[in-house]
Amino acid sequence: MIDPKLLRNDPDRLRRSQQARGESVELVDQALVADEARRSAIGAFESARAEQKSLGALVARAKGDEKAELLARTKELSAQVKTLSAAVDEAEAAFDQVMKSFGNIVIDGVPFGGEDDLFVIDTIGTPRDFAAEGITVRDHLEIGEIIGAIDMERGAKVSGSRFYFLTGPGALLEFALMQHALHKALSWGFEPVIPPALVKPSAMDGTGFLGQAAEDVYHLERDDLYLVGTAEVPLAAYHADEILDAGSLPLRYAGFSPAFRREAGSYGKDTRGIFRVHWFDKFEMFVHCRPEDAEAEHERLLGYEKEFLTSLGIPFQVLDVASGDLGLSAARKYDCYGWVPSQDRYREITSTSNCTEFQARRLGIRFRDEHGPRPVATLNGTLCAMTRSILMILENYQNADGSVTVPEVLRPYLGGREVFEPRNQPR
């Protein structure tokens, strides 16, 4: 949720942000009207309540007709206060509803555009020249079947489309990636966390996933719980309704959890293999910090993502995500796109967002310093999304005979194993 003071003091900034997001600019005027109605209702209630309290003292001293008149006025005020209190509740609810319709304020400098506008700000690594090596490129699913790493057929049999089994080398790669990601996170000073994968509506709504992204969320209606699409949700809500000590900031967590996504808006897209699936495991970095430190923390998270991808030897690009593709909570977002040889292009593998104070205001997360309590800033970043990391390892490290070379950095977690050989026998 945005700061109401910004709405009142600088509505034009909010209008610019709405325009950058491709959202309704008129919503700003609706919010201003709702805010005025709310403050007017509060003023009327407080005025009547003050008169009610003052009459209480007068009644105690009055006698005769004067007391009867005061008592009648007291009764009248009592009904009036009750009505005005209900009006305040209604006005507050209307104001909250319109305020929750706003996405976060886009940070100055974010490139203007939409989902199809890709602003590349860095390219790291060089894709292999498979043709020069005499290798006909296979996609990750074909490679995964050759070495016995992926079983989509049985995944569909057991769970439906866009589900899979990671078997043998596929499972080993996930375990190795998990250990490598954990080692990196610990070296960077993150506290490891295994959070719950089911959360209450307040957590999902507080992080902004019941707005634009609601169609991609799994809801267990009987229990009124949601399956998380990222550990960002429980890690953000971890400190909900708390006031943190300023000296404890920044708090940096690395959460490992499953991620469940309906992918409701992507039917017909990336249906082959494990690029776009309904479930995968993921290491997520999450930070609570002072608002003034948020942009520096964002650059730090991007640096960690770049370091991790570089360690795997996957060529990638860094994108400054366009304003119209930020999502509800992000004020700025960087994506890393890894090279997919079979598609001859870069595809998203990690993302990091600066959510400024937006989520903290919705979740009631504050810290106290010499200025008193105020909202923290929250940031998130993908450390390792397992399926896409495995996909890119299989494709970038494939060999002519169908085998896959194990990235050097993962070998210590696999007993020194250097190659996954083709399987001779069908499963």
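**Exercise 1. Is Asp369 buried or exposed?** Then describe its surroundings.

Solution. The model is predicted, and the values below are computed from it.

Step 1. Find the relative accessible area of Asp369, which is 11%.

Step 2. Compare that value with the cut-off: a residue counts as buried under 20%. Asp369 is therefore buried.

Step 3. Place the residue in the fold. Asp369 belongs to strand E14, which covers residues 366-369.

Step 4. Look for partners of the side chain. One is the backbone nitrogen of His371, reached at 2.9 Å. Another is the side chain of Arg374, with which Asp369 makes a polar contact of 3.0 Å.

Step 5. List the contacts, leaving out residues up to four places away in sequence. Asp369 touches Ala246, Arg290 and Arg374.

**Exercise 2. Determine where Val199 sits and which residues it touches.**

Solution.

Step 1. Strand E5 consists of residues 198-199, and Val199 is in this strand.

Step 2. The relative accessible area of Val199 is 7%. Because this falls under 20%, Val199 is buried.

Step 3. Residues up to four places away in sequence are again not counted. The residues touched by Val199 are then Met204, Leu225, Tyr226, Val228, Val233 and Pro234.

Step 4. For a distance across the chain, take Leu383, which is 184 residues from Val199 in sequence. The C-alpha atoms of the two residues are separated by 22 Å.

**Exercise 3. Describe both ends of helix H6.**

Solution.

Step 1. Helix H6 runs over residues 152-159.

Step 2. At its N-terminal end, the cap is Asp151. A side-chain oxygen of Asp151 lies 3.3 Å from the backbone nitrogen of Glu153.

Step 3. Just after H6 comes Gly160, with a positive phi of about 110 degrees.

**Exercise 4. Summarise the whole chain: its elements, extent, burial, contacts, surface and charges.**

Solution.

Step 1. Count the elements: the chain has 12 helices and 18 strands.

Step 2. Take the extent along the principal axes. The C-alpha trace spans about 105 × 45 × 45 Å.

Step 3. Of the 427 residues, 50% are buried.

Step 4. Consider contacts with a separation of 6 or more. Residues 24 or more positions apart account for 73% of them.

Step 5. The accessible surface comes to about 20100 Å², and carbon and sulfur atoms hold 49% of it.

Step 6. The chain carries 49 positive and 66 negative charges, and the mean positions of the two sets are 4 Å apart.

Conventions: Residues numbered from 1 in each chain as written. Predicted model: local features only at pLDDT ≥ 70, side-chain atom pairs only at ≥ 80, totals over all residues. Heavy atoms only, no water. Polar contact = N/O pair within 3.5 Å; in protein donor to acceptor, adjacent residues only side chain to side chain. Helix = DSSP H or I, 4+ residues; strand = E, 2+ residues; numbered from the N terminus. Buried < 20%, exposed > 50% of the residue type's maximum accessible area, 1.4 Å probe, protein only. Contact = heavy atoms within 4.5 Å. Areas by Shrake-Rupley, 256 points an atom, 1.4 Å probe, with all protein chains shown as cover. Lys, Arg positive; Asp, Glu negative; His and termini not counted. Charge placed at Lys NZ, Arg CZ, Asp CG, Glu CD.
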